[in-house]
Every structure is written in structure tokens, then in C-alpha cells.
Amino acid sequence: MLEFGRSLEEYIRRSGMSVKSASEYLGMNRTTLQHIISGDRKLKNVDEAREIGQKLMLTSDEMEEFISKYKISVMGEATYRRRNKVAQFLEQISETANFHTAKKVKLVEPDIDSDLLTVNNKIELLEYIEQALCAAVDKESEITIIAQPSESLNMILFSCLGNENQKAIDHIFCVDNNYRADAANENNLEILRLTYQIAINIDSYAPLYYYDNISAHINSNSLLPYCIITDKYAITCDNEYESGIIHSNPDTVSFYKKCSERIKGRCQRLFTRPKSFAELPSLNAGKGGCRFEYGYQPCISAVTPPDLFMKHVKIPENERAIYLKYAVDEAKRFLVCKPCDIFYEAGLKDFIDNGFVASYPESFYSVPTEEVRQQVLRSMIDMVEKGTVDFRVLVNDMPMRSIHFEVNASDEYVVLFLLLGERIIHLNITEPGLIKCFTDYFEYICKNGTVLDKEGTLEVLRKYLR
């Protein structure tokens, strides 16, 4: 509470008031204000902190910092940073779809005239890595990368990968297993952000993780801890890509391949994904414990009667039985799980007014009639009134950068959904630490006033009844 109290005291002093006059101006007891400043007492909620900031005429930047310090004082800095990291991931998710526009490197084989080349220049080393990866992509050969995810690595990958016929790209890295450490959760969420950028654009990308202490791993005495292996080259380098050795001797490359295979045997996949569009429903099969759903719209498929759902999906006859089962399972899942379905009022309005469904490409469904849309809305209202499903509308309809992104979270898994054009991407996360970060965040926003309560949500739903 000390940082928040100090800021409050400073802003009171700047306004030219004493604590006594400020307490009168703010409408509170002098002793109460002194206890808030000293950290012995907390404000009721973030709205009270914001009201104080407004009365003290804080600028927008000062207000943002003031509210951040208040939240830290309530939940602790580590928890605040972790939840903020999850919020940033959810808000910025659409930006991850734009990395495929990175420059493509012209195919040039690395110019190496010996079995071993030492490189001590970062730009030169990165060029060699790009050339080696491009050559492997052109030959559709397998690639193994042993390195912590980073922006530098992502730019290398996007500059030379993306061939639809590309064989497996195995990316091996360390995930922090010290869940109680403040930095561990932030590191792991950053790993998720970086690997997600690659995974949604390159289907053959396979992020593989093992547990270790990331800080100790990066600061170990290993001189060249990173390794990029293709059919012709094994490139070892430091974690800043500033120095490295390029091996082209076939026996040496084979040695590194065998070593990487042993490491793979100890790893787990960070993401699993369906192999085809028809396999999408199987991701949630048997997983009846979904606790939270978060997205632009409520889960339309789950609240639409299966027969109506099937009337509006345009899929081949040989797949209709699969999706009928999917529609039935979705409806049952909602009744069994009673998840908290968090969505934006703008998304609800988009469906009710226009029949727009953000979860599917336009080629996948026909726009439901207004009568059907009203039927879906009445089903939602009935579910909320009976407590079958805990629909929640986000307060103030906060901006969402991607309307085609959804999250399903339980205590056992997190499914990230993204629609990119005609491509539907599902990535299933089972890493316990990341799951805990997401469920904690959704629990938090359901309690802190970020979403409307039952009555507030019903009020929003009912105003769209015709």
C-alpha cells in the first residue's frame, strides 16, 4: 500500500491542501485518509480510487499510474503483473496474425567453404541462420531449433518459413517450473505470446517444452546454449545470437540431430491442434469442466438448438453427422458445466441486428433470420434467469482488437481459438502454470467489476428483445 499512499499524499500536497482539508474535500474522515496514506487501510474498490484521482485533477497518464498502484496495493505486484500480462495477451492477440507480412529472404545457400565456420558478428550470424533455414524449407526437410522464444527468433522464422509443404519444425525450449516465483509466470506468458505468433501462421510448427529454471538456464556457463539443426547444418550460438559456430560436416550434423532427438524425448507439446477442420469438435470431447469462455460474442453454437444450428451451417454432407454431434455436445456441455461466458455487448448486438457469427467464416454459415436470432436471445435470457449458464457482459464494452478470438478455460486445459480469413485455428494448452494464469485472471475480472453481475447482464440482454 506504501506506493499508492505516497502517490496519494504527493497529489494532495500538489493541490495545495493539507490532509485535513483534503479529507473534507474528498468527503471522508481525516483519520481514514491518514490510514489510507499510511497503508493501514484500503479503499473500497477501484472506482473509489478513480473518483479520488478525478477530484485531484490527475492527467490521464497520472490516473493510469495511480490506478495501477492502487491495484498493486490490493493484490500485490506479482499478481498484478501476471494478470496484466494475461490481459495484454487477450487484447493484443489480433496483432499476432500480422507477422506473416515479414520480409521473405531470397533463397541463398550459406557460403561456407569449410566444415566449421566461426562467426562473431550478430548481423552476419542471423543471415547465416536465415539462409540455412530457407534452404531447408526449399528442400522440405525437417528443422529443429533449441532456443528460448524471442522476437529475434520469430523474425528469423517468419522471414523464411511458411511453406505449406514444410515438414515438422520442432522448437525446443525451457518453461519455468517455479510457479511461486514472480518472474516465472511472466516468463511463461511471454513464451506463450511468442510461440502463439508462430503457431497460428505456420501449421508445421511444433513448440516443445521441458521444465527448468529459466534464469539459471540462460545464465548457465554453457557458452553456446542455442542450436539450429537442418539437414545440412548445425549452428550453435549464444543466447543473443552474437557469436556462433556453423557446422557443415555431415557426421557433426548427424551428431547434433541425435542429441536433439534425445532432448525431444523429454519434452511435451505446448500446443496440440486438430489435423483437419473435421476434427475440431474432438478438442473438447470428454472435457466437461470448462469454467470460463471469453470472446467477442456469447457461445452462439451452444445456445442454439442443434436442429437450428445445422440448418445454418454450410458443410459437406459427409461431415454433417460430425457437426450434428458437435452441436448436441455443445448444448449438453453448457448445461453440465455451467460456464461463465464473458462477452462484449457489441458482439451480442452484431448477432441480434445483423446475424453475424464471429466464430465461423462467412462461407461456413448462412445468416439466421431475425426470428431465429430472437429465439437464441430468449434462450440466453432463460438460461441466465434459471442459473443454467452464467453469461456476463463486459462493463463499458472495453475495446477488443480481434473479434475472431475466443478462449475456453478449465482447470485442465485452455483452448485458444482464432479465425483467420477462412482458417479456423484451435490450439489446446495443457501446461499447468499457464492454465492457472488464465483461470486466475477470469476469476479476478468476474469479481472486480470488470463484468456485469446477473441482473446487469439480464438488463443488457432484455433490451435487444423485439
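**Exercise 1. Surface and interior**

Task: State how much area the protein chain exposes and what share of it carbon and sulfur atoms supply. Then find the share of buried residues.

Solution:
- Start with the surface. The protein chain of this predicted model exposes about 22,200 Å².
- Split that area by atom. Carbon and sulfur atoms supply 49% of it.
- Turn to the interior. The chain has 466 residues, and 52% of them are buried. Buried here means under 20% relative accessible area.

**Exercise 2. Confidence**

Task: Give the mean pLDDT of the protein chain. Then locate two stretches where the pLDDT is below 50.

Solution:
- Take the whole chain. Its mean pLDDT is 84. A value of 70 or more is reached by 87% of the residues.
- Go to residues 98-103. Here the pLDDT is below 50. The stretch still has eleven contacts in the model beyond near neighbours in sequence.
- Go on to residues 281-288. The pLDDT is below 50 here too. Beyond near neighbours in sequence, this stretch has 14 contacts in the model.

**Exercise 3. Elements and contacts**

Task: Count the helices and strands. Then say what share of the contacts between residues at least 6 apart in sequence join residues at least 24 apart.

Solution:
- Count the elements. The protein chain has 18 helices and 15 strands.
- Keep the contacts between residues at least 6 apart in sequence. Of these, 75% join residues at least 24 apart.

**Exercise 4. A helix pair**

Task: Describe how helix 4 and helix 5 cross. List the residues that make the contact.

Solution:
- Place the helices. Helix 4 covers residues 46-55, and helix 5 covers residues 60-75.
- Compare the axes. They come within 10 Å and cross at roughly 145°.
- Add the hand. The crossing is right-handed.
- List the contact. Helix 4 contributes Val46, Ala49, Arg50, Ile52, Gly53 and Gln54. Helix 5 contributes Met63, Phe66, Ile67, Tyr70 and Lys71.
- Sort these residues. Seven are nonpolar, two polar and two charged.

**Exercise 5. Positive phi**

Task: Methionine 57 and glutamate 140 have positive phi values. Where does each lie, and is each buried, partly exposed or exposed?

Solution:
- Recall the background. Most residues other than glycine have a negative phi.
- Take methionine 57. Its phi is near 60°. Methionine 57 sits in the loop between helix 4 and helix 5. Its relative accessibility is 67%, so methionine 57 counts as exposed.
- Take glutamate 140. Its phi is about 55°. The loop that holds glutamate 140 runs between helix 7 (122-138) and strand 2 (143-146). With a relative accessible area of 32%, glutamate 140 is partly exposed.

**Exercise 6. Two loop residues**

Task: Find the loops of aspartate 411 and proline 305. For each, give the accessibility and a C-alpha distance.

Solution:
- Place aspartate 411. It lies in the loop between strand 13 (405-409) and strand 14 (414-420).
- Check its cover. Aspartate 411 has a relative accessible area of 54%, so it is exposed.
- Find its partners. Leaving aside neighbours within four places in sequence, aspartate 411 is in contact with Arg291, Ile435 and Thr439.
- Take the distance. The C-alpha atoms of aspartate 411 and proline 432 are 8.3 Å apart, with their positions 21 residues apart along the chain.
- Place proline 305. It is in the loop between helix 12 (300-303) and helix 13 (306-312).
- Check its cover. Proline 305 is partly exposed, at 25% relative accessibility.
- Take the distance. Proline 305 and valine 328 are 23 residues apart in sequence, and their C-alpha atoms are 8.1 Å apart.

Definitions and conventions: Residues numbered from 1 in each chain as written. Predicted model: local features only at pLDDT ≥ 70, side-chain atom pairs only at ≥ 80, totals over all residues. Heavy atoms only, no water. pLDDT = per-residue confidence, 0-100. Contact = heavy atoms within 4.5 Å. Helix = DSSP H or I, 4+ residues; strand = E, 2+ residues; numbered from the N terminus. Buried < 20%, exposed > 50% of the residue type's maximum accessible area, 1.4 Å probe, protein only. Areas by Shrake-Rupley, 256 points an atom, 1.4 Å probe, with all protein chains shown as cover. Axes fitted to C-alpha atoms, helices over the stretch in contact; angles between N-to-C directions. Left-handed = near helix turned anticlockwise from the far one by under 90°. Nonpolar A, V, L, I, M, F, W, Y, C, P; charged D, E, K, R; others polar.
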